[in-house]
Amino acid sequence: MRRSGPESLGAALVEQFRRTPDARAVSDDREVLTYRELDVRSADLAERLVAAGVGPDGIVALQLERCVDLAVAIVGVLRAGGAWLPLSTTDPDRRILGLLRDAVPTAVVTEKTSRLWSLADSGVPRLTPRGHRAPGQAPPIDAAAPHHLAYVIYTSGSTGRPKGVMIEHAAIVNRLRWMQDRFDIGPGDVVAQKTPYTFDVSVWEFIWPLMTGAELAFAAPDGHREPVYLARFLAERQVTVTHFVPSMLTEFLRQVRPGDCPRLRLVMVSGEALGPALARRFFERLPHAELHNLYGPTEAAVDVTHWQCAADASPTAPVPIGHPITGIELLVVGEDGTPVPPGEVGELCIAGVGIARGYLNLPEVTAERFVPHPADPARRMYRTGDLASRRPDGAYLYHGRNDRQVKIGGVRIELGEVEAALQSLPWVEECAVVTRVDGAGVARLDAAAVLVPGVPWSGWRDDLLGILPAGSVPATLAPVDRLPKTAHGKADVAALRAILAERSDRSTEAAGGDPLERLWARVLGTTEPHFLHAGGTSLHAVRLLADAAEEFGATVALSDFFAEPTLDRLRALVAAAGTGTTKVPPRVPREGELPLNRYQERLWFLQELEPDSTAMSAPTAFRITGVGAERVSQAFAALVRRHEVLRTTFRTVDGEPRAVIGAQPPALEWTDGTGLSADPAAVRRLVAETACEPFDLAAGPPLRAHGVSFGPADHLLVMVTHQIIADGWTWSLLTEELSRLLTEPEGGPEDARLQIVDHAAWQRTHESSPEHRAAVQESLRHWRTVLANAPDTLDLPVDEPRGPSLSVPADSAALQWSPDFPVRLKNLCREHGITEFMALLAGYTAWLARLSAQETVVVGTPMANRTPPWVADLAGYFVTTVPQCLEIDEDATFAQMLDRARTAVVAGQRHSVVPIERIVSEVGAARGADRLPVFQNLFVFQNMPAWQRQADGVTVRVHQFPPRHTHYDLKFEVFPLTTGYEARLVYARGRISAERAALMARQLALFVEAAVDKPDAYIDEIAL
């Protein structure tokens, strides 16, 4: 992006599209678009928008989750000459309708299943981001002039009415040009998009990379709330530029160590004051990255000042907000509106090209905040309401606010808007809202109210959620007999804070002897057992789970906790995550024969039962481009050298399996594939040739590998393993490490690293602890109860009876979802407070019940089982399979099934401490040589880290295929991180014909989609 380039965003974007058409432009966890593909798709949408009447200054309302479609939508609006208006997917209908009435959009772009599609006026054109035809004549790319609107973002209003801030192209183009001049990103850079798009920081996250040839990488829709996920996301996607609000940066830094996120070079912070202690901690954890403090209100094109933090800065001096950026003038004025001398505190005002046009449909408020410049009345300046001072070196310091506007988690909130919403409720006589920093160090809103006698008020939170965004709802509401007042008759804020703090202290002191309850009270300031009723925010949740991980050695996912955010739920999740210590165990001596872990022992036993079976083979191939064959051979050798399990043989000693770690295997053999097709069918055929023979675990490491070279920099590395040495998580680790080894020299031998044999030794020591034995006994009681009346088998419609062998030939049939199914599924999960795994388990189980005409169904669900935390980086097999037993009575609705699935999954996680073999022996399940006990059907939700990496021009993709044999009648596999939400039904070939399997796959997809669309339908009424 050049200083003298195009003056509108659309023109600047298209100019870049044509410069780098084949480079990666935008990606999410399922899809990647090149600049050429983004060009075509955005042009198609722009053409449809122009046909719908969109042009310069025309507002287009958007309501989309964070994904590549959102990038297509924003670019399409800009190319049509319009301005985008982002609407939150979580705001209440009442607020959305109010914004639509105010903005009067020319068109809306959303999914047909979204609330906006139904809320928008019937006369407003409604479009989806994905077109259904090739674009014709591309619309003009310079339809917008510098003075036309680029976007409109609503902020909180002090009167209770949100204010639509109108930003013109000239303002945001100036801001982005300064950013590129200062930081100079381009091809090879990856910019994270994780800020909710209703906040203006998201604007540069969207546009800056796409104007400069960098890649825009979308985090998961709720990923911005979860520091553990963000640390993994930034590392896996090789992000070089990202943004944090200081409060979230604090939690993120708890999850990273020096050396993490090695490609991250630029971290921007804004939205809250950055403290010197946090800046110092940043450089301790990420010494290789730069930290930049930015400041700016929504009314001034994102940011107007910049300060680069230094690692050796004073640990006590405040961090400046910095100097004005290009095109911006700052003034500090007194109460009379005239500038004050340097060093004195006054109101910060902004002038120059970056300020907004004003507030949509609010001329009086616009005139109040956008006032004449004191030196030139023909120019305007914006009064921010922020207090600041100017240092002698020209840098500015922030000193707080001069009004009742606050920021909570980076979100701007007018206390007057919250009070107006409270005052509108029939049970409130008088109220006041204040901010307070709680015991966890998190800023929060607290409310006090004088209540109307005799009017119920217990549902106050739900009442406010129907009016305000969730982030604007107070954490607590305290009934008071009267509000304390100052001598001037206003609410006495200091007295109110004292009252609320005293009540919080009394509640915290009431916490009993339960250490988890004490932690809960310490973070939330109350023993109220429901997280949301206790006023918990996403930052409180992050702090709570991080503290639980430190104190109890239990890593709990934020999404799992929010599925049912209660103290009891957290207690169950902590128990399920394992009570083992986070202390890293010592390495065991490598001499002789070593024990296996319990999960490997099960696979060894099954292979011993049927030595000719390939049911536990993992036919896999790495498609590698951008590097020569010799480098691939070197990287493969290093991979095997680094992971002992890849060169381990499994022998029988006195009837027990033992691991023997071998030396380095022979060099990789290569086949000349020049002229061969490299399409998916050919890849599958090449892998199948290697996977056709079973493994003899005692004869050598269960790993076969060879290379196929299609060209000088295009190769296939075939690796077929037995699952005993590699689970799905391991393939993610191997993909990441192989990618690194292909582009970086090996760091030398790592004799000190832990391996799976160390886990096996730790596991045996851990099993002897009194805590573990008590947990086992509790879990056995659970499984005896749950499986007491479970059927031995499931009577599915089949073509042939079960044969004499446990292992049978296998094949698979793909499921075909509707294009918008993932969005509909996510919406359902959000409405019912469940995970996608739980919803699909409910759908699969209900479908099996319909097929079998049985009311009790047991399905096996593998769990990654990567606990304690130090196990996360080990290659090997750690999976445990948990039986999920669900009752599907004739009067059950799918919504009820969702609740049952959630209950079963939470309980299953908590009691997964007992391996399936022990469960089988305890419940006395019927055994047979032809089938597994307890369940013969599996549900696999393969949400492992992505099996694809790209760095320095080298791409590594993993192709994994079903094994040639299976132990199960049916296995429903879902890959949620793939494009199109791929899913397949692996079936016992012969017992189930290919025709029947194809029919089953179609039925299952239609059944699940129908259930998702109508959760209140009875299971028996959902069409098969």
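Let's start with a hairpin in this predicted model. Strand β28, residues 648–653, pairs with strand β29, residues 656–661, in the antiparallel sense, and six bridges hold that pairing. If you want a register point to click on, take Phe-650, which stands opposite Ala-659 in β29. The hairpin has two residues between its strands, and Asp-654 takes a positive phi there, near 55°.

Now over to a sheet, an open one of three strands. Its order is β24-β25-β26, and the pairing is mixed. The edges are β24, residues 428–437, and β26, each of which pairs on one side only. On average, neighbouring strands here are turned by 25° against each other, if you ignore direction. Strand β25, residues 443–451, runs parallel to β26, and four bridges join the two. One of the pairs to look for is Ala-448 with its bridge partner Ala-478 in β26. There is also a helix on this sheet: α12, residues 415–423, lies across β24 and β25 and runs at about 145° to β24.

While we are at β26, follow the chain out of that strand. The loop between β26 (476–479) and α14 (493–509) holds Lys-485. Is Lys-485 buried or exposed? Neither, really: Lys-485 counts as partly exposed because its relative accessibility is 38%, and the buried class stops under 20% while the exposed class starts over 50%. From Lys-485 to Ala-495 is ten residues in sequence, and their C-alpha atoms are 8.4 Å apart.

Next, the interior. As a general point, nonpolar side chains in soluble globular proteins tend to be buried together. In our model, the largest nonpolar core has 81 residues, and the ones with the most contacts inside it are Leu-9, Leu-49, Leu-62, Trp-84, Trp-204 and Ile-207. Helix α3, residues 68–79, gives the most to this core, namely nine residues. A second core, separate from that one, has 75 residues, including Leu-668, Val-683, Ala-875 and Leu-938.

Let me stay with Trp-204 for a moment. Beyond its close sequence neighbours, up to four places away, Trp-204 touches a long list of residues, among them Arg-175, Met-179, Val-241, His-243, Met-268 and Asp-303.

That region also gives us a nice helix pair. The axes of α1, residues 9–19, and α7, residues 201–212, come within 7 Å and cross at roughly 45°. With that angle, α1 is oblique to α7. On the α1 side, the contact uses Leu-9, Ala-12, Leu-13, Gln-16, Phe-17 and Arg-19, and on the α7 side Ile-207, Leu-210, Met-211 and Thr-212. Sorted by class, that makes seven nonpolar, two polar and one charged residues.

Two more residues before I stop. Gly-354 is in the loop between β17 (346–352) and β18 (358–359). Why do we call Gly-354 buried? Because its relative accessible area is 3%, and buried means under 20%. Leaving out residues up to four places away in sequence, Gly-354 touches Ala-171, Glu-299, Ala-300, Ala-301, Gly-327 and Ile-328. Gly-354 and Ile-167 are 187 residues apart in sequence, yet 8.4 Å apart from C-alpha to C-alpha.

And finally, Ser-739, which you will find in helix α22, residues 728–743. Ser-739 is buried too, with a relative accessible area of 4%. Which residues does Ser-739 contact, leaving aside neighbours within four places in sequence? Those are Arg-949 and Val-956.

Definitions and conventions
Residues are numbered from 1 along each chain as its sequence is written. This is a predicted model: local features need pLDDT of at least 70, side-chain atom pairs count only at pLDDT 80 or more; totals for chains, interfaces and linings use all residues. Side-chain values use heavy atoms; hydrogens and water are left out. Two strands pair if DSSP finds at least two bridges between them. A nonpolar core is a set of buried Ala, Val, Leu, Ile, Met, Phe, Trp, Tyr and Cys residues joined through side-chain atoms within 4.5 Å. Buried means under 20% relative accessible area, exposed over 50%, partly exposed in between (1.4 Å probe, protein chains only). Contact means heavy atoms within 4.5 Å. Axes are lines fitted to C-alpha atoms, for helices over the stretch in contact, and angles run from 0 to 180 degrees between N-to-C directions. Angles under 35 degrees count as roughly parallel, over 145 as roughly antiparallel, 65 to 115 as roughly perpendicular and the rest as oblique. Ala, Val, Leu, Ile, Met, Phe, Trp, Tyr, Cys and Pro count as nonpolar, Asp, Glu, Lys and Arg as charged, and the others, Gly among them, as polar.
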